[in-house]
Amino acid sequence: MKLTLSSSFTCLVASFVVAQVSAFSSLPLLVSKATSAGNRVPFHKVPASFMAADEQSTTEPAKKSASEPPAPPVIDISKLDIRVGVINKAWLHEEADKLFCEEIDIGEESGPRQIASGLRAYYEVEDLEGQRVLVLANLKTRKLVGFPSHGMVLCASNDDKVKFVEPPAEAAIGERVMVDGFDGEPATENQVIKKKMLNAIFPDLKTNDEGVATYKDVPFTTSAGACKASLTNAEIS
């Protein structure tokens with residue numbers, strides 16, 4: 001009986017020693033990892049997820065910064081398609097006492113455009129045929145008292161006077177009128193209306209002291225020279 005108790009006790013002690021040695025064998029690794037991260041804490045208080053979180057933080061890619069929205073398009077005179085034209089035919093609108101109906105050649109293969117102009121208070125119908133004009137061409141067709149008008153004739157106005165803005169006599173029919181420093185392709189007809197481009201551009205259209213049509217004080221030009229009106233310091237529309 002004495003021998004049996006002694007053997008059992010010896011086995012129990014041996015098991016306890018093996019367990020303690022196994023536990024303490026991992027102590028240097030835990031302490032090393034904890035202290036290398038700058039956290040000098042007892043090994044038994046190091047969280048189990050400490051090293052997993054540390055490794056994950058070093059491998060996660062940086063989040064991409066939100067992309068900036070694109071800059072809004074610049075709206076200036078280059079968005080308008082202004083063409084040299086000539087009025088081939090004009091007649092009185094049958095239902096509107098302020099409107100002329102006109103056929104204006106702007107060099108298009110499809111033929112002259114039909115355009116209505118509210119100029120009867122300032123011109124006689126006989127004054128219009130053969131008149132050289134500037135036509136704002138990239139406007140959608142709209143009906144003016146039933147007449148389909150596709151474009152706008154540009155005029156200078158001052159007080160109670162209205163006069164055509166005229167291209168040089170040598171300018172080619174259909175030539176695009178340009179403004180130096182404002183180059184670019186014109187907007188589509190839909191864009192002109194949708195983005196309210198006329199509201200942004202027209203306030204800067206004027207004639208100068210010499211009657212030259214300008215945008216922000218820069219002249220309207222063709223290959224044959226500047227475009228003019230017989231009114232000075234007048235608004236253009």
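This protein has 6 helices and 15 strands. Keep in mind that you're looking at a predicted model. Out of its 237 residues, 33% are buried. Here's a quick tour, starting with the whole chain and then zooming in on a few spots.

**The big picture**
- Take the contacts between residues at least 6 apart in sequence: 65% of them join residues at least 24 apart.
- The accessible surface adds up to about 15,200 Å². Carbon and sulfur atoms account for 54% of that surface.

**Aromatic rings**
- Searching the whole structure turns up 3 aromatic pairs.
- One of them is made by Trp91 and Phe147, and this pair is edge-to-face.
- A pair of aromatic rings is described by the distance of the centres and the angle of the planes. For Trp91 and Phe147, those values are 6.1 Å centre to centre and 80° between the planes.
- Trp91 sits in strand β1 (residues 82-92) while Phe147 sits in strand β6 (residues 147-149), so their pairing ties together parts that are 56 residues apart in sequence.
- Are the two partners buried or exposed? Trp91 is partly exposed, with 26% relative accessibility, and Phe147 is buried, with 9%. Phe147 gets that label because its value falls under the 20% cut-off.
- Trp91 has another neighbour to look for: Lys89 lies over its face, 5.4 Å from the ring centre.

**Strands β2 and β3**
- Strand β3 covers residues 113-117, and 4 of these 5 residues are buried, so the strand is largely enclosed by the rest of the structure.
- Which way do β2 and β3 run relative to each other? Strand β2 (residues 100-105) pairs with β3 in the antiparallel sense, over 5 bridges.
- If you want to find a bridge yourself, start at Glu102 and look for its partner in β3, Ile115.
- As you trace a strand, remember that in a regular strand the side chains alternate between the two faces of the sheet.

**Arg176 and its surroundings**
- Where is Arg176? You'll find Arg176 in the loop between β9 (161-164) and β10 (178-179).
- Arg176 counts as buried because its relative accessibility, 15%, is under 20%.
- What lies by the polar atoms of its side chain? The backbone oxygen of Leu80 is 3.2 Å from a polar atom of the Arg176 side chain, and the backbone oxygen of Gly184 is 3.0 Å from one.
- Leaving aside neighbours within four places in sequence, Arg176 is in contact with several residues, among them Ser78, Asp81, Ile82, Arg83, Glu185, Pro186 and Thr221. Leu80 and Gly184 are on that contact list too.

Notes. Residues are numbered from 1 along each chain as its sequence is written. This is a predicted model: local features need pLDDT of at least 70, side-chain atom pairs count only at pLDDT 80 or more; totals for chains, interfaces and linings use all residues. Side-chain values use heavy atoms; hydrogens and water are left out. Helices (H or I, at least four residues) and strands (E, at least two) are DSSP runs, numbered from the N terminus. Buried means under 20% relative accessible area, exposed over 50%, partly exposed in between (1.4 Å probe, protein chains only). Contact means heavy atoms within 4.5 Å. Accessible areas come from the Shrake-Rupley method with a 1.4 Å probe; for residues, only the protein chains shown count as cover. Rings of Phe, Tyr and Trp (its six-membered ring) pair if their centres lie within 6.5 Å; planes under 30 degrees apart count as stacked, over 60 as edge-to-face and the rest as tilted. A charge sits over a ring if NZ of Lys or CZ of Arg is within 6 Å of the ring centre and within 35 degrees of the ring normal. Two strands pair if DSSP finds at least two bridges between them. A polar contact is a pair of N or O atoms within 3.5 Å; within protein, one must be able to donate a hydrogen and the other to accept it, and residues adjacent in sequence count only if both atoms are side-chain atoms.
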